[in-house]
Structures are given as C-alpha cells and as structure tokens.
Amino acid sequence: AMVELAGGMGYRQPNAAFTGPGVNPWSLDAWSGGSSSGSGSAVAAGLVPFAIGSETWGSILSPAGNCGVAGLRPTYGRVSRHGAMALCWTLDKLGPMCRSAEDCGLVMAAITGRDPNDPTSLARPFTLPRPPAPGKSRRFRIGVIKGTTDKVQPEVRKNFEASLKVLGAFCDVVPDVAYPEFPYGPAVGTIVAAEGASAFRDLIESGRAKELKVPNDRWGGYAASMVLAVDYIQALRLRAPMKKALDALYAKFDALVSPTRATVAYPVGPDFDKVYPGIGGGPAVIPAGNLAGQPALSVPNGLGENGLPTAFQFTGRAFSDETLVAVATAYQSRTDWHEKRPPA
C-alpha cells in the first residue's frame, strides 16, 4: 500500500491509500509510515531484499524508522527520477530502503549517475566506502543537534542516548550543536503545495479528486492551487540562505545525528494530530535537509512503545552520501538492531 499521490493532497490519516493503510510488520495495528509505505513494510517483512522509496518531505526516512530498516535519502540529483510519479520537481528524490546501511550503499552504487531521461540527474556515481586498513581507521566527527530530544517519547530519547554511547567508541561526538533557525516547514509546505498542484492539475480540474480515499485529500488540491506566485517564489528564494547556513554548519562535521522520528509508528486508525499530542517539535531536520538537497540515512536503534522500532538519522553535507553509509555501517557493526526481525 502506497499513500495516494505521495501525499500530495495533504493527507492527515494513515489510510490515505486505495488498498488501506500500509501495515507495519512489527504490529498489524501500527502504520508503516508514508508515503513509501509499502517499501518499508516489504523490506521489514523480508518480502524483498530492498525497495526504492521516494522522498519529498520525509517519505523514505519515516517508513524506514517506523519499520526498523535502513533508509537512505540521497543528495538531490544523484538518482534519476525517470519513471517515478512527479510530485515536486525541485524536492523529489529516490533512494534505497534496505536491511542495513551497507546494503543501502550497494543499491546506491547501482542506481546513481547521469540519466538523459532526467535532466536534474548528475554524473556523480556512488563509490562504495572501503574498509579502513588495519590501524588506519580515522575517527568520525559527529555533531548532536541541540534540542532534538526535548519533546520525544521517553524510549526514543533513551535509545538515542544509547546510540551516542556506541558512536563515542569510534567517533568524536560533539554535543548541543545549534541548528540554523529558518522557517523550513512553511517553506517546504508552500513548495509542495504549488508544485503538487501543478503536477496534478489535470486531476484537480477534472473533478476526479473526489475519487481519492481520504475526505480532506479530495479538496486539498484545490487549496494548493490557491498558493500565490509571490509566496512560492519567496519560498524558493529562501532556499539560498538556508543552503548556505546549513552547508557552513555541516562542513564542520562528517554527520549530524538526531532521532528520525519523535515517536514510534502511529496506529492505523486516528488522524495524525490525535495520536501523540504534545510530542514533536525541535529542529525541523527532515524538512531542512530536503530543502537543501542534503542526504540522510536512518537506521534502527532499539524498540519503544508497544515493541515498535525506534531509529536515529545521520544527516550530512551535499554529496556526503558515502560518508553517511560508512559511519552508519560502523555503528551497525557494533549493534544488532538491524538484525532484529518482526514477531511472526
């Protein structure tokens, strides 16, 4: 099950899919996440060795975190989007969802590079990280984003802190790294609305949006069509100072880390805003990374409420995808959460 139109109409419920909500293999009462719902479920359930997800605002990282698998959102342009449904031309990215970070590297090596069918694709092949020679391994410099655990579930915080201790064995971990303050969420929302309304213009104007699964999706496209050109252009203009500030920060580190999500997977029934009120907030790391076209890699790091997986993410400078795979693989060589399997 995949979220209809990749969530382009502003879905607020897990059941925004023609076949019903994507079911989480760790609990049939929990959602697999979106919008790459089926990709996360299929990998976690062992139905496939890997799957491709698409991310505009978090649709690789969220289902990967919910389902206890690794999910890599690549640098914008490293993977061709030819053949995939367009939602937002300036934000859409395709990437692998796998059992481990190492597997994400293997898939990335096969799918990156220039594609004449996608003019935004880049001639930047992915080079698999090489294991360090004996006695030659270097310590990664990892920053912990300040305020990232202020409003998360207790288990999410506990597992994240345990992950930092593991990282400390082979990384120089810098605490309380201040994240640049910008309106990342509103900017992404404006761009998604405007570009999504353009991508689905025929559907919206034909009136067939009324056939969508979730009631608020049936009118979401009309609201998106009302975004003013000046607001859309302003959101695009804001990306330049955002990218500059983020690049200046990330240039000091091999990666920054934070919990992937503030909670475990939502139950399949209620609207999102009715599940865990008061939890969330903190730096908008996922929207910021998508706006700047930066890579991110989510890996599992424990179990939380109701026995559901928790996860944390490595985020990096543009084109640091290989470094993220290397540090996440080193983390997973010291833990076994990626080897855990959902209950039968």
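Residues are called buried under 20% relative accessible area, exposed over 50% and partly exposed in between. By that rule Phe319, at 28% relative accessibility, counts as partly exposed. The model discussed here is a predicted one, and the accessibility classes recur throughout the description that follows.

Phe319 is a convenient place to begin with the backbone. This residue sits in the loop between strand 10 (309-315) and helix 10, and has a positive phi of about 70 degrees although it is not a glycine. Leu5 likewise is not a glycine, yet has a positive phi, here of about 55 degrees. Leu5 belongs to the segment before strand 1 (23-24) and, at 17% relative accessibility, falls under the 20% limit, so it counts as buried. A further backbone feature is the peptide bond from Gly34 to Ser35, which is cis, with omega near 5 degrees. Ser35 is part of the loop between strand 2 (27-31) and helix 1 (37-44). These features are worth pointing out because most residues other than glycine have a negative phi, and most peptide bonds are trans.

Attention now turns to strand 6. Of the six residues in this strand (residues 140-145), five are buried, so strand 6 is largely enclosed by the rest of the structure. Strand 6 has pairing partners in strand 7 and strand 8. With strand 7 (residues 171-177) it runs parallel, joined by five bridges; within this pairing, Gly143 has Val174 as its bridge partner. With strand 8 (residues 255-259) the pairing is also in the parallel sense, over three bridges, and here Val144 stands opposite Val257. Helix 4 (residues 154-167) completes the picture: together with strand 6 and strand 7, it makes a right-handed β-α-β unit.

The cysteines can be treated next. A disulfide is a covalent bond between the sulfur atoms of two cysteines. With a cut-off of 2.5 Å between cysteine sulfur atoms, the count of disulfides comes to zero. Cys104 is in no disulfide, its nearest cysteine sulfur being that of Cys98, 3.8 Å away. Cys104 has 0% relative accessibility and therefore counts as buried. For Cys171, the closest cysteine sulfur is that of Cys104, and the 18 Å between the two sulfurs is too far for a bond. Cys171 also counts as buried, at 2% relative accessibility.

Tyr76 offers a view of another loop, the one between strand 4 (70-73) and strand 5 (93-98). With a relative accessible area of 24%, Tyr76 is partly exposed. Tyr76 and Val177 are 101 residues apart along the chain, and their C-alpha atoms are separated by 24 Å.

Finally, readers interested in pockets may like to look at the second largest one, which has a volume of about 660 Å³. Its lining consists of 21 residues, and those nearest the pocket centre are Pro129, Arg130, Pro131, Pro132 and Ala326. Helix 3 (101-111) and helix 10 (321-332) are the elements that give two or more residues to this lining. The largest share, six residues, comes from helix 10. Sorted by class, the lining of the second largest pocket has 10 nonpolar, five polar and six charged residues.

Terms used
Residues numbered from 1 in each chain as written. Predicted model: local features only at pLDDT ≥ 70, side-chain atom pairs only at ≥ 80, totals over all residues. Heavy atoms only, no water. 1 Å grid on protein atoms, 1.4 Å probe; cavity = no way out; pocket = protein on both sides within 12 Å on 5 of 7 lines; lining within 4 Å. Points joined across faces, edges and corners; volume = space filled by probe spheres on them. Helix = DSSP H or I, 4+ residues; strand = E, 2+ residues; numbered from the N terminus. Nonpolar A, V, L, I, M, F, W, Y, C, P; charged D, E, K, R; others polar. Buried < 20%, exposed > 50% of the residue type's maximum accessible area, 1.4 Å probe, protein only. Pairing = 2+ DSSP bridges. Right-handed = clockwise from strand over helix to strand, strands pointing away.
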